[in-house]
Amino acid sequence: MSQTNYLLEMIDISKEFPGVKALDNVNFRLKPGTVHALMGENGAGKSTLMKCLFGVYIEDNGEIKIEGKKVRFNNPHQALDNGVAMVHQELNQVLKRDVMDNIWLGRYPKQKIGFVNQEEMYQKTVAIFKELELDINPKIEIGKLSVSQRQMVEIAKAVSYNAKILVLDEPTSSLTEEEVKHLFKIINKLKDNGCGIIYISHKMEEILEISQEVTIMRDGKWVATHKATELTTDKIIKLMVGRELTNRFPPKTNKPSDVILEVENLTALYQPSIKNVSFTLRKGEVLGIAGLVGSRRTELVETIFGIAHHSEGTISLYGKKVENTTSRKAIDNGFALLTEERRASGIFAGLSVGFNSIIANLKDYSSLGLLKNNKMDKDTDWVVSSMNVKTPSKKTLIRSLSGGNQQKVIIGRWLLTKPEILLLDEPTRGIDVGAKYEIYQLILNLANEGKGVIMVSSEMTELLGICDRILVMSNGRVAGIQDVEQLNQEEIMRLAAKYI
């Protein structure tokens, strides 16, 4: 350990990309046996700093020390070999392989003759899950797990490296309240064993509960480092955005009117899924969908959009029955879906902002088999401008944008299709407080224009703050629908557990 007793020191770290200075002489220090939160708006440089630590990026200037020894990792494998593990916000897993394959990929235990020792791999996985109190079958195909279960598998994988430095990037974005408590129990156990944990999150209440120190970044620069006990939510917001943000939600000026969407007795073809779901949506209304993990909220919007098929029930728009048997037909019928997993099913990560803006609306750009480049450029400019997307140019690869800006591109993409009904599945997942406000304002603007918005969210305060009514799902069924004025978090939780 160095004389300063730091487990990790990142000193004057700078990193540039074409047109963007992502990090500008950033300093960060981590003590052993502590949780050090790293906060900032999307695009502040948090993930870039951690990717420099993990060997995904090579810093342009500055130095990194672990236990006082200077290190420079050229790839994540070197970082893992030196006791640094990272759980990324966007899960990168081999979905067709089982859980234990995903944990031991690239370092399989071998038999003497060189074959993979399946039994040893199974027993090692069982031992880790037992230590972490995870009830997951090591032999199940990982793609069949919920997002929250897959997140816990990634955390178990990081723990399996016996890392002395563990980076958790938005680890609770897909977890229920009970799962968050379980994660905190794991974190405290690792902390007690001397592990230093870097915790990236936008959830300020969690930060103040789990961390000992908090570092805040803004625009690629270090702003401040404080003890968590010295901070409040308001102080953190002011340091993050550089100004007071007195209201977390914009004022609701939308005025819901006539019913435009009727869903009656909708039952999914393949069970277990949604069963006998009925509700209405009014013009200019934001309808929230609440429920615990496993309540089938995502299955509901996917069935409405035609990704999942239904065996019974009807969907009617403006009193006319519509057959959303495929997503293409749903789009043609005036529906749009923003999916929960942005990287897996929302963006084309290796393609430009421009491509991602216009891809859902290609039929409008074709004439005699040729594409109208001028119209595509004009519509891309509209998305970037009207959605307030922060990007060096429309030719920039979308994967290099922050999560909030990626989300705004996707919303703009769907608006180009001129939908009547917007289905938003966790639209602010992994997005900072400033960008969240912008997304909320976009949603309310759409409602003011007479669109019908259905919004799935795991954050009850978000649903109560922006929605007009909330539909609570429980085990694939509707447990209740009420105006937000008649609801609180306790009542939502009571309804969410109704059919469990």
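How much space lies in the second largest pocket? About 1,100 Å³. Keep in mind throughout these close-ups that this is a predicted model.

**View 1. The second largest pocket and the residues around its centre.** With about 1,100 Å³ of space inside, this pocket has 44 lining residues, and those closest to its centre are V147, T298, E299, E302 and E340. Helices α5 (147-160), α9 and α11 (342-345) each put at least two residues into the lining. Which of the helices gives the largest share? That's α9, with five residues. As for chemistry, the lining splits into 14 nonpolar, 17 polar and 13 charged residues.

**View 2. Helix α9, wrapped up by its surroundings.** Here's the helix from the pocket lining again, running over residues 297-304. Six of its eight residues are buried, so α9 is largely enclosed by the rest of the structure. The buried ones are R297, T298, L300, V301, T303 and I304. T298 is thus a buried residue of α9 and also one of the residues closest to the centre of the second largest pocket. Just past the helix comes G306, where phi goes positive, to about 90 degrees.

**View 3. The largest nonpolar core, seen around I198.** This core counts 76 residues, and the ones touching the most other members are L8, L49, M50, L53 and I198. Elsewhere, apart from this core, sits another one of 73 residues, with I331, I421, A447 and A479 among them. As a general backdrop, nonpolar side chains in soluble globular proteins tend to be buried together. Back at I198, what does this residue touch, leaving out residues up to four places away in sequence? The list runs L8, F28, L30, H36, L38, M50, L53, I165, L166, V167 and L168.

**View 4. The largest cavity and its lining.** The structure holds three cavities of 30 Å³ or more, and the largest has about 100 Å³ of space. Its lining is made of 14 residues, with K203, T428, R429, G430 and E459 closest to the centre. Is the lining mostly a nonpolar or a charged affair? Take a look at the split: one nonpolar residue, six polar and seven charged.

**View 5. The β11 and β12 pair, with a cis proline in the loop.** Strands β11 (259-268) and β12 (277-282) are joined by a loop that holds P272. The peptide bond between Q271 and P272 is cis, with omega at about 5 degrees. The two strands pair in the antiparallel sense over five bridges, and V263 stands opposite F279 of β12. β12 itself has two faces: V277, F279 and L281 are on the covered one, while S278, T280 and R282 are on the uncovered one.

**View 6. The β21 and β22 hairpin.** Another antiparallel pair: β21 (residues 469-474) and β22 (residues 477-483) share six bridges. I470 has Q482 in β22 as its bridge partner. The hairpin has two residues between its strands, and N475 takes a positive phi near 55 degrees.

**View 7. Two residues with positive phi, E170 and Y318.** Neither of these is a glycine: phi is about 50 degrees at E170 and near 55 degrees at Y318. Both are in loops, E170 between β7 (165-169) and α6 (177-192), and Y318 between β14 (310-317) and β15 (320-322). Which of the residues is buried, and which is partly exposed? E170 is buried, at a relative accessible area of 3%, whereas Y318 counts as partly exposed at 45%.

**View 8. P109 and its contacts.** P109 sits in the loop between α3 (99-104) and α4 (118-132). With a relative accessible area of 7%, P109 is under the 20% limit, so this proline counts as buried. Setting aside residues up to four places away in sequence, P109 touches F115, V116, N117, E120, M121 and K124. From P109 to K124 is 15 residues in sequence and 9.5 Å in space, C-alpha to C-alpha.

How values were computed
Residues numbered from 1 in each chain as written. Predicted model: local features only at pLDDT ≥ 70, side-chain atom pairs only at ≥ 80, totals over all residues. Heavy atoms only, no water. Buried < 20%, exposed > 50% of the residue type's maximum accessible area, 1.4 Å probe, protein only. Helix = DSSP H or I, 4+ residues; strand = E, 2+ residues; numbered from the N terminus. Pairing = 2+ DSSP bridges. 1 Å grid on protein atoms, 1.4 Å probe; cavity = no way out; pocket = protein on both sides within 12 Å on 5 of 7 lines; lining within 4 Å. Points joined across faces, edges and corners; volume = space filled by probe spheres on them. Nonpolar A, V, L, I, M, F, W, Y, C, P; charged D, E, K, R; others polar. Core = buried A, V, L, I, M, F, W, Y, C linked by side-chain atoms within 4.5 Å. Contact = heavy atoms within 4.5 Å.
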